[in-house]
Amino acid sequence: MKNSFYFLILIIVITSCATNPYKASEKIYNTKLNTLKETISSKQSISLPLVNNYKITIDTLFTNQLHNVKDSISRTRLTILKNGVNTEWISTVNFNLRKPNFIIIHHTAQDSLQQTIKTFTLASTQVSAHYVIGDDGRVIQMLNDYLRAWHGGTGSWGKNTDINSASIGIELDNNGTEVFSDAQINSLIALLTKLKKDYNIPTQNIIGHSDIAPTRKKDPSAYFPWKILAEKGFGIWTDEIVEMAPLDFNIEQGLRIIGYDTKNLSAAVTAFKLHYIQSDVNDAVDENTKNIIYSIYKKQ
């Protein structure tokens, strides 16, 4: 009788192991997932040099949206494919959050920081950004860096046609017709210093909204100091002495290799000049424009 009892116990143990042979990896998966949930849920202020820390109240709508995101990454349910096969779930132990690889700079085209925050906290507007920097240098973070903000629209850069999924959006409180303040640019440089280091973002991947959406957007405006940022390591700029482009240099191909969508070549040229020439923003391609395109092309 005793032998039969032990035999029964052994059968139960073997059966339970056979039911889920990946129990150990499942446990590790769930532990890591809970850690990542805490990461994307964090609303702590971050310290930037020369910038005061501010905290904003997180409303119920944000909390609900965050809950939906966390719930979606936790799902392990099976999916029925069109050929009738069911997907199977076996938890890996090797994963982390996807990191941003671009920073897109915008100007708000609105008249105050408060107006922009209101715009970004209304569900009906369908637009947002990770950070908003006020004219006075105040820095507001509105979304965790790992989450996808709605700031770039249908923009593209190179073969990346979903910039929102790979970028951090920074909005500068500026209506597009005024010079950016020193305090604002200093805060931007401080923020870029942190973000570039945290996520190892390539220098050439710090670009403007007009770069990724040349047919739709003109921000940041021609007042934006791209050269100053490039000197600090945020974005690229032309050489002091611009080399003559080869006679057979193809500007359309050059712009495309830099990253611009050249389906509308006129818009791409204008967007390029808004970023790299600024004093002469139009779609005309003179010798100077061609040489500067070649200069930036060589830095890719």
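In what order do the five strands of the open sheet lie? Here are some notes to help you find your way around.

1. The order is 3-2-4-1-5, and the pairing in this open sheet is mixed. Two strands count as paired if DSSP finds at least two bridges between them. Strand 3 (139–141) and strand 5 (206–208) are the edge strands, each pairing on one side only. From one strand to the next, the twist averages 25°.

2. A word on the model: it is predicted, so local features need pLDDT of at least 70 and side-chain atom pairs count only at pLDDT 80 or more, while totals for chains, interfaces and linings use all residues. Residues are numbered from 1 along each chain as its sequence is written, and side-chain values use heavy atoms, with hydrogens and water left out.

3. Overall, you will find 10 helices and five strands in the chain; these are DSSP runs numbered from the N terminus (helices H or I, at least four residues; strands E, at least two). Of the 300 residues, 41% count as buried, meaning under 20% relative accessible area with a 1.4 Å probe, protein chains only.

4. Back at the sheet, strand 1 (residues 102–107) and strand 5 run parallel and are joined by three bridges. Look for Ile105, whose bridge partner in strand 5 is Gly208. Helix 5 (residues 182–199) packs on the sheet, touching strand 1, strand 2 (131–133), strand 3, strand 4 (167–172) and strand 5. Contact here means heavy atoms within 4.5 Å. The direction of helix 5 makes about 175° with that of strand 4; axes are lines fitted to C-alpha atoms, for helices over the stretch in contact, and angles run from 0 to 180 degrees between N-to-C directions.

5. Next, try helix 8 (residues 251–258) and helix 10: their axes come within 9 Å and cross at roughly 35°. Residues making this contact include Ile251, Gly254 and Leu255 of helix 8, with Ile293 and Tyr297 among those of helix 10.

6. Finally, visit Gln278, in the loop between helix 9 (265–276) and helix 10 (287–298). Gln278 is buried, with a relative accessible area of 19%. A polar atom of its side chain lies 3.4 Å from the backbone oxygen of Ala222, and the side chain of Gln278 also reaches the backbone oxygen of Leu274 at 3.4 Å. Not counting residues up to four places away in sequence, Gln278 touches Ser221, Ala222, Phe224, Trp226, Trp237 and Lys273.

How values were computed: Buried means under 20% relative accessible area, exposed over 50%, partly exposed in between (1.4 Å probe, protein chains only). A polar contact is a pair of N or O atoms within 3.5 Å; within protein, one must be able to donate a hydrogen and the other to accept it, and residues adjacent in sequence count only if both atoms are side-chain atoms.
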